[in-house]
Amino acid sequence: MKTFKTMIAAAAAVTTLGFGPAMAQDGYKDEYRVSTVVPAPFPWGLAAEKWAELTKERTEGRINLKIYPGVQLVQGDQTREFTALRQGVIDMAVGSTINWSPQINELNLFSLPFLMPDYAALDALTQGPVGEAIFDAVRKKGAVPLAWAENGFREVTNSKRSIRTPADMEGLKLRVVGSPIYNDMFTALGANPTQMSWADAQPALTTGAVDGQENPLTIYSVLKMHELGQTHVTLWGYVADPLIFAVNPAVFDSFTPEDQKILQQAAVDAGVYGIEVARKGMTGGDQSLIDEIKGYGVDVVTLTPEERQQFVDATRGVYDQWKQKIGADLVDQAEASIANR
Ligand code: X2X
């Protein structure tokens, strides 16, 4: 029988030779853990999968990304994802600006109500000096940001009635995401917001524990939310959440400069693809996703400019208050970028 000591020695030898399960021969890990909230076929999951595919192909298998959806590496608590990334509990992530905003205050910018009137405004932020400033903030907080993708403009849905003005929201119990700005906005609108993780949101919608929620239409359609009783949709586009591809700094530093470049370019390319699928059927001449949802018999409300203005007015106080919290200079810069788009 082998002694305990020889078994340890044998195991150590295997590891040193590079045949152990944790390390590949070149000192890279066999697998890098990438966190997301939702998997494919949501655009978010598709973007992450594309990143993995392009990285593997272009590094000839040196870097293998494995996607862990459902934020399972942080027990489903998406507001802890950034901390886990910074600490190296997870290696990489494709994360929402909403979910990381408890740690990176500047990311609340994208949650300012009615800041971005259209996709061009969103692009003017992520692709301009504001995007650079945001990436600096991410770096300062301890992760290496590589590129942008998109969850999308968030539309409000519910099981009770059409929402055309803030008065229609009175008393509706709405599930909101984990940044306090969402509580502030929906309270200002007269609704009854309740903050919960995405993992908890799905059963809450199914059982009717909440009346409604807000998320991009791609999330609505992949999940078939009309079958969960969410038969009223209002296209108000009040906020949008871009996604950020990011890497733990020690992991990033462990790669050769050549592989760092490949990983970043793969993220940029996966981001372009992810943004394309996130907007499919909702932009320009192609309204097919909206038509598909209407085809299920769902009441889809498009606001008149006057109706929309009522929401803008009702949330203006929240905007002003959060502008100060986020940093008035950054918000001024964002407003200017949007005005000049
Ligand atoms: O929890 C949500 O609503 C989701 C899936 O959109 C985010 O992670 C921000």
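Good morning. A residue is called buried here if 20 or more other C-beta atoms lie within 10 Å of its own, and exposed if 12 or fewer do. The structure before you is a predicted model. With that definition in hand, I shall begin with helix H2.

H2 spans residues 43-58. Its buried residues are Pro43, Trp44, Leu46, Ala47, Ala48, Glu49, Lys50, Trp51, Leu54 and Thr55. The helix has 16 residues, and the distance from its first C-alpha to its last is 22 Å, close to the 22 Å expected at 1.5 Å a residue.

Let us look at what lies on either side of H2 in the chain. The loop between strand S1 (32-35) and H2 contains Pro41. The peptide bond that leads from Ala40 into Pro41 is cis, with omega near 10°. At the other end, H2 is followed by Glu60, which has a positive phi near 50°.

Which helix does H2 cross at roughly 150°? The partner is helix H11, residues 257-279, and the two axes come within 8 Å. Because of that angle, H2 is roughly antiparallel to H11. Their crossing is right-handed. On the H2 side, the residues in contact are Pro43, Leu46, Ala47, Lys50, Trp51, Leu54, Thr55 and Arg58. On the H11 side, they include Ile262, Leu263, Ala266, Ala267, Asp269 and Ala270. Further along H11, Gly271, Tyr273, Gly274, Val277 and Ala278 also take part.

I turn now to helix H6, residues 129-140. H6 is built of 12 residues and reaches 17 Å between its first and last C-alpha atoms, close to the 16 Å expected. Which residues of H6 are buried? They are Val130, Ile134, Phe135 and Val138. These four lie on the same side of H6, because they cover an arc of only 140° around the axis. The face turned away from that buried side carries the exposed residues Glu132, Asp136 and Lys140.

What covers the buried residues of H6? The cover includes two helices, H5 (119-126) and H14 (328-339), together with the strands S4 (144-153) and S10 (240-247). After H6 comes Gly142, with a positive phi near 105°.

The next element is helix H7, residues 180-188. Its buried residues are Ile181, Tyr182, Asp184, Met185, Phe186 and Ala188. They pack against strand S6 (173-176), strand S7 (192-195) and helix H13 (305-326). Just after H7, Gly190 has a positive phi of about 90°.

The pairing of H7 with H13 deserves a closer look. Their axes come within 8 Å and cross at roughly 155°. The two helices are therefore roughly antiparallel to each other. This crossing is right-handed. H7 contributes Ile181, Asp184, Met185 and Ala188 to the contact, and H13 contributes Ala314, Thr315, Gly317, Val318 and Trp322.

Within this pairing, is Asp184 buried or exposed? Asp184 counts as buried because it has 20 C-beta neighbours inside 10 Å, and 20 is the number at which that class begins. Asp184 and Val318 are 134 residues apart in sequence, while their C-alpha atoms are 6.5 Å apart in space.

I shall close with some loop residues. Gly171 lies in the loop between strand S5 (155-158) and S6. Gly171 counts as exposed because it has 9 C-beta neighbours inside 10 Å. Its C-alpha is 9.7 Å from that of Asp211, and the two residues are 40 apart in sequence.

Gln75 has a positive phi of about 50° although it is not a glycine. Where does Gln75 lie? Its place is the loop between strand S2 (65-68) and helix H3 (81-87). Gln75 is exposed, because 11 other C-beta atoms lie within 10 Å.

Lys224 is another residue other than glycine whose phi is positive, here near 50°. Lys224 belongs to the loop between helix H9 (217-222) and strand S9 (232-235). Its 10 C-beta neighbours inside 10 Å are why Lys224 counts as exposed.

To review the helix pairs: H2 is roughly antiparallel to H11, and H7 and H13 are roughly antiparallel to each other. Thank you for your attention.

Definitions and conventions: Residues are numbered from 1 along each chain as its sequence is written. This is a predicted model: local features need pLDDT of at least 70, side-chain atom pairs count only at pLDDT 80 or more; totals for chains, interfaces and linings use all residues. The expected span of a helix is 1.5 Å times one less than its number of residues. The arc is that of the directions from the helix axis to the C-beta atoms. Two residues are in contact if their C-beta atoms, placed from the backbone, lie within 7 Å. Axes are lines fitted to C-alpha atoms, for helices over the stretch in contact, and angles run from 0 to 180 degrees between N-to-C directions. Angles under 35 degrees count as roughly parallel, over 145 as roughly antiparallel, 65 to 115 as roughly perpendicular and the rest as oblique. A crossing is left-handed if the near helix is turned anticlockwise from the far one by less than a right angle, and right-handed if clockwise.
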